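Please walk me through this structure in plain terms. I would like to know which charged side chains pair up and how the strands are arranged.

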Amino acid sequence: HRMQWYQSELIDQIIEGSKTATVRPIAWSEGLDAFNTALHCGATYTVYDRAETPRCRVRITGIELARWDAIPELLWRRDPAVNGEVGLEAFRADHWDYFDQPDDAYEFLALYFDHIDA
């Protein structure tokens, strides 16, 4: 299984242990491409950077449906912004464009994981 991040700062956060959650659009749950495969709780994923270089491995420990108007505290505490800031407003600002300016009813997947190795 594979996951890809384009911002190396986010992969660095995983490796250092500050990032243990992320989000994905629901449409990506069955996989997006060769570097973003289907999501499965309990599965181990190799994390790739923009250059398709493997950087680390994670194991998904939980997947939940979330709404933009009710972002779980566990999610925003475990998914820092690219600048490292942790907080609900930092989470919203960091994901506003990623989710294409979502409305309050927008639903997405929250993924929780453990870092395995780099």
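R77 counts as partly exposed because its relative accessibility, 46%, lies between the 20% and 50% limits. The model in which this value was computed is a predicted one. E73 has a relative accessibility of 44% and is likewise partly exposed. R77 and E73 form a salt bridge, with their closest N and O atoms 2.5 Å apart. Both residues belong to helix 2 and are separated by four residues, about one turn of the helix.

The count of salt bridges comes to five. Another of them pairs D69 with R67, with a distance of 2.9 Å from N to O. D69 is partly exposed, its relative accessible area being 37%. R67 is also partly exposed, at 33% relative accessibility.

A further salt bridge has a different setting. Here the side chains of D79 and K19 meet, at 2.3 Å from N to O. D79 sits in the loop between helix 2 (73-78) and helix 3 (88-95), while K19 sits in the loop between helix 1 (8-16) and strand 2 (21-25), so this pair ties together parts that are 60 residues apart in sequence. Are these two residues buried or exposed? D79 and K19 are both buried, which means that each has under 20% relative accessible area.

The strands come next, beginning with strand 5 (residues 44-48) and strand 6 (residues 54-67). These two run antiparallel and are joined by five bridges. One point of contact is Y45, whose bridge partner in strand 6 is V58. Strand 5 and strand 6 form a hairpin with five residues between the strands. In that hairpin, E52 takes a positive phi near 65°.

Which strand pairs with strand 6 over ten bridges? Strand 7, made up of residues 107-117, does so, and the pairing is in the antiparallel sense. V58 appears again here, standing opposite H115 in strand 7. V58 of strand 6 therefore has Y45 as a bridge partner and also stands opposite H115, and strand 6 itself pairs with strand 5 as well as with strand 7. As for the side chains of such elements, in a regular strand they alternate between the two faces of the sheet.

Conventions:
Residues numbered from 1 in each chain as written. Predicted model: local features only at pLDDT ≥ 70, side-chain atom pairs only at ≥ 80, totals over all residues. Heavy atoms only, no water. Salt bridge = Lys/Arg side-chain N within 4 Å of Asp/Glu carboxyl O. Buried < 20%, exposed > 50% of the residue type's maximum accessible area, 1.4 Å probe, protein only. Pairing = 2+ DSSP bridges.
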